[in-house]
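This report goes through one protein chain, from its overall make-up to selected residues. Please keep the sequence and the coordinates open while reading.

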Amino acid sequence: VSLDARVREGSGALRAWGDVRQGQLVGVALDMGLYSVDVTLRENLQPLMLRSVSGRLAVRQDFDTRAVEITTTKLEFETHDGVRWPGGNLWLSHTPPVGRGAERGAIKADRLDLAMLAQIANRLPLGEKLHDALAKHAPQGLLERVDGEWEGPLEAPRRYQVRGRVSGLSVTAEPAAQADHAGRPGLSGATVDFDANQAGGSATFAMAGGTLSFPGVFEEPLVPIDELFVRAQWKVDGQRIQVQVPNVRFANADAQGEARLFWRTSVPGTSSSHA
């Protein structure tokens, strides 16, 4: 995570505080009430053009460890396309690898709008893999809270811990590449609570009045869901993954029932399952 913010245009009110230590500026806080803002957050990113932006942004840097902390408080903004960020709070810390020290990061956030994040991803310093995933899956929903930390590169961390909750989650399906193959499933109207680390984790998945989509599996890929509840646990041991789903309840106009699932799989490899 690195920033090289450059503001080319903006009008309104701006109040700033600086923290100077031993002659170096180590932190700055901005209270903003700005209009017609044109800013680039890093040289290789597209400019972020905002109709308005308000709230507080604070940045702090440790010149010994090169660690950077970014904090937003009640940050709200609207793009020129009319897309509005809902006013969430964010704390992000990143320490690059220095000498034998490993890269580390941590994040705490609430009320992050996934649809808007997907739309403005190419203008934010999120990393190429996350940019691609947001563009491919076009997620919608509200990340109500997330609390995570990691060690190693964000794309492939050696250790991590993340927990949170997403409501109103929707992910687009991907059509099958060939007629005799299934595509990537999609969903809408889900609430997911999750707690995961490099050794495993758990999650609950609930849906009421939502849909599941299975392109290439059913003649009519969109399946309306009246009720769906899934509780899952998984363990990771090297290339082997063991998944248990001790509780599945589902109901729609055509069927209802309960199930338990268990399977092991290798990555890459084959899998076996039992229901």
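The sections below cover the fold, the model confidence, the core, a pocket and four individual residues.

## Overall make-up

The structure is a predicted model. Its chain has two helices and 15 strands. There are 275 residues, of which 33% count as buried. The chain exposes about 16,800 Å², and carbon and sulfur atoms supply 52% of that area.

Among the contacts with a separation of 6 or more, 46% are between residues 24 or more positions apart.

## Confidence

The mean pLDDT of the chain is 83. A value of 70 or more is reached by 87% of the residues.

Residues 269-275 are a stretch where pLDDT stays under 50. The model has 14 contacts beyond four places in sequence for this stretch. Where pLDDT is low, predicted coordinates should not be read in detail.

## Nonpolar core

The largest nonpolar core holds 36 residues. Those that touch the most other members are Val53, Phe77, Leu169, Leu187, Phe205, Met207 and Leu228. Strand β12, residues 222-237, gives the most to this core, with five residues.

Which residues does Leu228 contact, leaving aside its neighbours within four places in sequence? Leu228 is in contact with Phe205, Ala206, Met207, Leu212, Arg249 and Phe250. Two of these partners, Phe205 and Met207, are also listed with Leu228 as touching the most other core members.

## The second largest pocket

The second largest pocket has a volume of about 350 Å³. It is lined by 13 residues, and the closest to its centre are Val230, Val245, Val248, Leu261 and Trp263. The elements that give two or more residues to the lining are β11 (200-213), β12, β13 (240-251) and β14 (256-266). Strand β12 thus appears both in this lining and as the element that gives the most to the largest nonpolar core.

## Two strand residues and their contacts

Arg165 is found in strand β9, which covers residues 159-171. Is Arg165 buried, partly exposed or exposed? Arg165 counts as partly exposed because its relative accessibility is 24%, and the buried class requires a value under 20%. Beyond four places in sequence, Arg165 touches Leu142, Leu143, Glu144, Arg145, Thr191, Val192, Asp193 and Phe194. One of these partners, Asp193, is 28 residues away from Arg165 along the chain, and the two C-alpha atoms are separated by 4.4 Å.

Thr95 is found in strand β6, residues 89-95. Thr95 is buried because its relative accessible area is 9%, and the class takes values under 20%. Not counting residues up to four places away in sequence, Thr95 touches Thr65, Ala67, Ala102, Glu103 and Arg104.

## Positive phi values

Most residues other than glycine have a negative phi. Two residues of this chain are listed here with a positive value.

Gln22 has a phi near 50 degrees. Gln22 lies in the loop between β1 (6-21) and β2 (24-40). With a relative accessibility of 84%, Gln22 counts as exposed, since that class takes values over 50%.

Arg111 has a phi near 55 degrees. Arg111 is found in strand β7, residues 104-113, whereas Gln22 lies in a loop. The relative accessibility of Arg111 is 39%, so Arg111 counts as partly exposed.

Terms used:
Residues numbered from 1 in each chain as written. Predicted model: local features only at pLDDT ≥ 70, side-chain atom pairs only at ≥ 80, totals over all residues. Heavy atoms only, no water. Helix = DSSP H or I, 4+ residues; strand = E, 2+ residues; numbered from the N terminus. Buried < 20%, exposed > 50% of the residue type's maximum accessible area, 1.4 Å probe, protein only. Contact = heavy atoms within 4.5 Å. Areas by Shrake-Rupley, 256 points an atom, 1.4 Å probe, with all protein chains shown as cover. pLDDT = per-residue confidence, 0-100. Core = buried A, V, L, I, M, F, W, Y, C linked by side-chain atoms within 4.5 Å. 1 Å grid on protein atoms, 1.4 Å probe; cavity = no way out; pocket = protein on both sides within 12 Å on 5 of 7 lines; lining within 4 Å. Points joined across faces, edges and corners; volume = space filled by probe spheres on them.
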